[in-house]
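Visitor: I have a structure open and would like to walk through it. Can you take my questions as they come?

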Amino acid sequence: MERTTDTYTTTRYGKEVEIHKPSGSTPITEQSKLYEIKKALTKGIMNEKGKVIIKAPHEKYYILWSLSLGLGFRISDTLKLTVKDVTSSNAEITEQKTGKRRMVTVPAGLQPVINEYIRKYDLKENDKLIFANRKDGTKDKAIDKSQAYRKLREIVEAVCPDVQFSNHTTRKTWAYFLYLKEDKNIAIVQKALNHTSSLTTCDYIGLSKKELKETLIKYDPMSGEW
């Protein structure tokens, strides 16, 4: 369960730092980093002298990141969301990778942000994609997944150089914080992720061997009534 790491030296904000990056995708486990990513997606990244070194991308990428993180979706699944999906109280999608059904439950605090985005870009029709490729007039096709991936990866890895960004980063991060919120109840996270094994879930959210052991000791299907 312990992950290997790649060590390298890079320059960040004008300083040389040593980075230990996991060889596989892992969740972002510090809430402060999530706030930094939000700031970077909306205002860009500046160095110590206040000079912008990475410009903020179009706001659709902030909405894409926020929805993926808030829903616990892979980036690829979020790109296919329609207006109806994010405004209806009982919407479901079919996960692209697994083919399994998944509820779309937008967090209450995020809903006003999504509603304003829909209003601003005049997305009136329920079946229209939230992230349609409007630049070339193709309103029924989502923006390119690789393009979205590159934009988000640039920001996320600039803020969190020790994170290996992937299509799963938002989903893994959401699952990790759900795990903490639910008092480390792995069964709830397992069900939310549509996993068939708690071991798969533990590995997915990046638990160490020690954390895995502590979690599985608490994971009692009979709740002590044996």
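Guide: Start with C160, which sits in the loop between helix 6 and helix 7. Keep in mind that this is a predicted model.

Visitor: Is C160 buried or exposed?

Guide: C160 is buried, because its relative accessibility is 1%, and the cut-off for buried is under 20%.

Visitor: What does C160 contact, leaving aside neighbours within four places in sequence?

Guide: K33 and I37. On the backbone side, the C-alpha atoms of C160 and I28 are 8.2 Å apart, with the two positions 132 residues apart along the chain.

Visitor: There's also C202. Buried or exposed?

Guide: Buried, because C202 has 0% relative accessibility.

Visitor: How many disulfides are in the structure, then?

Guide: Zero. A disulfide would be a covalent bond between the sulfur atoms of two cysteines.

Visitor: Switching topic. How many residues are in the largest nonpolar core?

Guide: The largest nonpolar core has 45 residues, and I37, W65 and L67 have the most contacts inside it. Helices 1 (31-43), 2 (59-71), 4 (83-87), 5 (111-120) and 6 (145-159) each contribute at least two residues to this core.

Visitor: Which helix gives the most to this core?

Guide: Helix 2, with eight residues.

Visitor: And what does W65 touch?

Guide: Leaving out residues up to four places away in sequence, W65 touches I28, L34, I37, L41, L152, V156, F165 and T170. Apart from the largest core there is another, of 13 residues, which include A175, V189, L193 and Y204.

Visitor: Why would nonpolar side chains be grouped like that?

Guide: In soluble globular proteins, nonpolar side chains tend to be buried together.

Visitor: Now a charged one. Where is E95?

Guide: E95 is in the loop between strand 5 (92-94) and strand 6 (101-103).

Visitor: Buried or exposed?

Guide: E95 counts as buried, because its relative accessibility is 3%.

Visitor: What is E95 in contact with?

Guide: Setting aside neighbours within four places in sequence, E95 contacts R74, D77, K100, R102, R171 and N194. The side chain of E95 also has a polar contact with the side chain of T98, at 2.7 Å. As for F73, its C-alpha is 8.6 Å from that of E95, although the two are 22 residues apart in sequence.

Visitor: N194 was in that list. Where is N194?

Guide: N194 is in the loop between helix 8 and helix 9. N194 counts as partly exposed, because its relative accessibility is 24%. Its phi is near 65 degrees, a positive value in a residue other than glycine.

Visitor: Which other residue has a positive phi, near 55 degrees?

Guide: D183. D183 is in the loop between helix 7 (169-181) and helix 8. D183 counts as exposed, because its relative accessibility is 60%.

Visitor: Back to the loop with N194. What about H195, buried or exposed?

Guide: H195 is in that loop, between helix 8 (186-192) and helix 9 (198-204). H195 counts as buried, because its relative accessibility is 16%.

Visitor: Which side chain does the H195 side chain make a polar contact with?

Guide: That of T201, at 2.8 Å. Leaving aside neighbours within four places in sequence, H195 is in contact with R171, Q190, T200, T201 and Y204. R171 is also among the contacts of E95.

Visitor: Zoom out. How many helices and strands are in the chain?

Guide: There are 10 helices and eight strands. The chain has 226 residues, and 44% of them count as buried. The accessible surface is about 13,000 Å², with 49% of it belonging to carbon and sulfur atoms. Among contacts with a separation of 6 or more, 56% are between residues 24 or more positions apart.

Visitor: Last thing. Where in the chain is confidence lowest?

Guide: In strand 2 (residues 15-22), with a mean pLDDT of 44, while helix 2 is highest at 96. The pLDDT is below 50 over residues 17-23, a stretch with 32 contacts in the model beyond near neighbours in sequence. Residues 1-10 also stay under 50, and the model has 37 contacts for them beyond four places in sequence.

Visitor: And what does the chain average?

Guide: The chain averages a pLDDT of 84, with 83% of the residues scoring at least 70.

Conventions:
Residues numbered from 1 in each chain as written. Predicted model: local features only at pLDDT ≥ 70, side-chain atom pairs only at ≥ 80, totals over all residues. Heavy atoms only, no water. Disulfide = S-S within 2.5 Å. Buried < 20%, exposed > 50% of the residue type's maximum accessible area, 1.4 Å probe, protein only. Core = buried A, V, L, I, M, F, W, Y, C linked by side-chain atoms within 4.5 Å. Helix = DSSP H or I, 4+ residues; strand = E, 2+ residues; numbered from the N terminus. Contact = heavy atoms within 4.5 Å. Polar contact = N/O pair within 3.5 Å; in protein donor to acceptor, adjacent residues only side chain to side chain. Areas by Shrake-Rupley, 256 points an atom, 1.4 Å probe, with all protein chains shown as cover. pLDDT = per-residue confidence, 0-100.
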